[in-house]
Amino acid sequence: METDTSTPTHCPYCALQCGMNITPLPEGGVEVSERADFPVNRGALCGKGRTAAQVLAPGVRLSSPLVRSGGRLVEAGWAEALDRIAERLGRTRQEYGADATGVFGGGGLTNEKAYALGKFARVALGTSQIDYNGRFCMSSAAAAGTKAFGLDRGLPFPLQDIPRTGCVILVGSNLAETMPPSLRFFTELRENGGTLIVVDPRRTRTAEQADLHLAPRPGTDLALALGLLHLVVAEGRTDEEYIRERTTGWEEARAAVMAHWPEQVERITGVPVPRLREAVRLFCEPEAAMVLTARGPEQQSKGTDTVGAWINLCLATGRAGRPLSGYGCLTGQGNGQGGREHGQKADQLPGYRKLDDPEARRHVAAVWGVDPDSLPGPGRSAYELLDALGTDVRALLLMGSNPVVSAPRAAHVEERLRSLDFLAVADVVLSETAELADVVLPVTQWAEETGTTTSLEGRVLLRRRAIAPPPGVRSDLYVLRELAARLGVEKGFPADPEEVFEELRRASAGGPADYSGITYRRLAEEDGVFWPCPDTDRSRGTGSGPGGSPGGTGPAAPRDAEAAPRPGAGSAPRPAAGATETPGTMTAAHPQADAVTRSAAKPPVHPGTPRLFLDRFATPDGRARFVAVTHRPTAEEPDAEYPLLLTTGRVVSQYQSGAQTRRVAELNAAAPGPFVELHPRLAARIGAAEGDPVSVVSRRGRAVAPARITPAIRPDTVFMPFHWPGEGRANTLTNPALDPTSRMPEFKSCAVRVEVVGPRP
């Protein structure tokens, strides 16, 4: 009988964190296979996940430290590389002050790494200058969700609720390409009689699946949301009882909305009034509905207000904090959710605590064994930190990010990186950013290490080590431990991930993102646990997070909508609020219920919180907050010199900056390089044929790529994917104008012109 040597784990790419099995091969390397028992993907894997093991192949991934000598990177030993980093960071701190050292993290780092990185910056370096590339992904949705609900978790319900709601408005997401296994939830929604509305300037693969596609001009999603809510009010479709009992701020928000009448919204967005009315009808007629946003409305200089307007639409119609209804953000990066919870953001401490909150500082300082007054205050946001390189910030430690390709105004960011006195990069591959470094450290990734991630559902998951890394490779936790010791902090930075997670549990206890009731053993037994999940031994009688646990209070489990029928035309009435269930009475339909009941001890183990806000929102009074917002233009509108709008995005066979996926032959064959998507009318006007190299020029630079002509895009808009460096780098063009609240750059809209540059030689 053959022994099963496979290890159940999760994909290294997007925030779905699809389940997969990894099996070591006799000849070396690993094989990825389906894992049908994980509820998010049920065995389905996209091309990126299926080929993920190829990135770990010899000759593809880094296998030895590199140091710069004579103008080039050469192999070196670990002691030499670490000594050089510690010496340069220490010297910079001594000569220029702690804030002359900076740290830049990534949304792909595990929870343990993100936690340790934030602690390293604030304890070992004493710097406030830390942020991460997740600022470029979900920060606007996080800010808007916190304003409205008192808490940010990407989805306040599991993905499995989507097929059973009545309508979903999907705003600015092409999930058919960015997270293909998730598309089945929306297919099942339509098969069950529900409707899908997609908002996107392009007719994407996702939009092709929709019952209704709204194609607004880039940067006008805010006006669109306001116009829809205006019609909701005008047609008498608001839920007045819900507004009265569960919200505040409606009168101010209503007054702002009524200034955006449908005809005006049509002029701003280009979406005809009849389609606006149809969207309102489809959204309001079922008993339950959802709004899900992604990078489209979020990556704008008004992204927080834009998401806030979509949340207002949910609140005004009673579609938040009720079964099978709500607002959610489709988090992008693999640990984009957990990465923004545990301290690598500029203004944050673990457990989603605020760095300027005295009580939060006292709690975390006690866990770390330091004086609260020694912790630095909030620092610069991601783009502002990158912009300060070489001037205020003179030495940088960067982990798991490739801003040379992914940052806005990328040519300027590359210049700033080159101007540093010292740059150290830890990564699995030699990215375009690592190529600029003075020291490069090869670190473990995915199959070579154990650690936790938190999916877009708020489900904390355990990735398990399946193979040993190459001899010259170490973990990020090892790197931080060794650097901290060389900088004089010899304790507090363990290299064992479970030991780090145990400390993270204590640091997060009582915070908005409370992981204190989660253990590695539970994660292995239960296929993940949804936060907040307080440790009931500590939180009995005290609640958890702001205003108590958002799905209920104390150790009891939140009410669960699992057994509820799918509301819709002719369905049963919407389930009414009821008593909170205890762990022993959770419906057995819930995948965690049986495991939690079997392992329950005294006091009962908190089962986690799959569904938030069913009893109260995470605000002091338990009510959701309307936020009054009004439309305003993008930071850079078209003019005579730059008459078009550029929007950017992803393609199915590449991921983020492409640092890993561009090293996989199968993926490169499917998506070999950048392109510029043009409408046929625009192509005819400039004389471009399919495949002709065209130049896209903005106020920040120029990019050249082949033309791809399609009627799927608006005539006033061009599209470029952002996965590639070089002359086709889309982010050379993008605008770093920042949202005043989230500090999100305006990736999704900038003014450009397009010209044919002639055939290639």
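## Pockets, cavities and local geometry of the predicted model

The lining of the second largest pocket is made up of eight nonpolar, four polar and eight charged residues. The volume of this pocket is about 340 Å³. Of its 20 lining residues, Glu177, Arg205, Val651, Phe675 and Arg708 are the closest to the centre. The model in which this pocket was found is predicted.

The largest pocket encloses about 400 Å³. It is lined by 19 residues, of which Ala142, Thr146, Asp347, Tyr352 and Lys354 are the closest to the centre. Helix 4 and strand 15 (353–354) are the elements that contribute two or more residues to this lining. Helix 4 provides the largest share, with four residues. By class, the lining of the largest pocket contains six nonpolar, six polar and seven charged residues.

Enclosed space was also examined. Eight cavities of 30 Å³ or more are present in the structure. The second largest cavity holds about 90 Å³. Its lining comprises 13 residues, and those closest to the centre are Phe149, Leu151, Arg153, Gly154 and Tyr327. At least two lining residues of the second largest cavity come from helix 4, and at least two from strand 13 (326–329). Eight of the residues in the lining of this cavity are nonpolar, three are polar and two are charged. Helix 4 thus appears in the lining of the largest pocket and in that of the second largest cavity.

The overall fold was described next. The protein contains 25 helices and 30 strands. Its radius of gyration is 25 Å, which agrees with the value near 27 Å for a compact globule of 761 residues. Along the principal axes, the C-alpha atoms occupy a box of roughly 75 × 70 × 60 Å. Of the 761 residues, 64% are buried. Among contacts with a separation of 6 or more, 75% are between residues 24 or more positions apart.

Two buried loop residues illustrate contacts beyond the sequence neighbourhood. Asp161 is located in the loop that connects helix 4 (139–149) to strand 8 (167–171). Asp161 has a relative accessible area of 1% and is therefore classed as buried, the limit being 20%. The side chain of Asp161 forms a polar contact of 2.8 Å with the side chain of Arg611. With neighbours within four places in sequence left aside, the residues in contact with Asp161 are Met290, Leu324 and Arg611. Arg611 is thus listed among the contacts of Asp161 and is also its partner in the polar contact.

Gly343 is placed in the loop between helix 14 (336–339) and strand 14 (348–349). Gly343 is buried because its relative accessibility is 1%. The C-alpha atom of Gly343 is 7.3 Å from that of Lys119, although the two residues are 224 residues apart along the chain. When neighbours within four places in sequence are excluded, Gly343 is in contact with Ala114, Gly118, Arg122, Ile130, Gln348, Leu349 and Pro350.

Backbone geometry was considered last. Most residues other than glycine have a negative phi, and most peptide bonds are trans. Exceptions of both kinds were found in the model. The peptide bond between Trp531 and Pro532 is cis, with omega of about 0°. Pro532 lies in the loop between strand 21 (529–530) and helix 22 (536–539).

Arg409, which is not a glycine, has a positive phi of about 50°. Arg409 is situated in the loop between helix 17 (403–406) and helix 18 (410–418). Its relative accessible area is 30%, so Arg409 is partly exposed. A positive phi, near 70°, also occurs at Phe613, a residue other than glycine. Phe613 belongs to the loop between helix 23 (593–599) and strand 22 (624–625). The relative accessibility of Phe613 is 4%, and Phe613 is therefore buried. The positive phi values thus occur at a partly exposed residue, Arg409, and at a buried one, Phe613.

Conventions
Residues are numbered from 1 along each chain as its sequence is written. This is a predicted model: local features need pLDDT of at least 70, side-chain atom pairs count only at pLDDT 80 or more; totals for chains, interfaces and linings use all residues. Side-chain values use heavy atoms; hydrogens and water are left out. Buried means under 20% relative accessible area, exposed over 50%, partly exposed in between (1.4 Å probe, protein chains only). A polar contact is a pair of N or O atoms within 3.5 Å; within protein, one must be able to donate a hydrogen and the other to accept it, and residues adjacent in sequence count only if both atoms are side-chain atoms. Contact means heavy atoms within 4.5 Å. On a 1 Å grid over the protein atoms alone, a cavity is a set of points where a 1.4 Å probe fits but cannot get out, and a pocket is an open set with protein on both sides within 12 Å along at least five of seven lines; lining residues have an atom within 4 Å of a point. Grid points are joined across faces, edges and corners, and a volume is the space filled by probe spheres set on the points. Ala, Val, Leu, Ile, Met, Phe, Trp, Tyr, Cys and Pro count as nonpolar, Asp, Glu, Lys and Arg as charged, and the others, Gly among them, as polar. The radius of gyration is taken over C-alpha atoms; the globule rule is 2.2 Å times the number of residues to the power 0.38.
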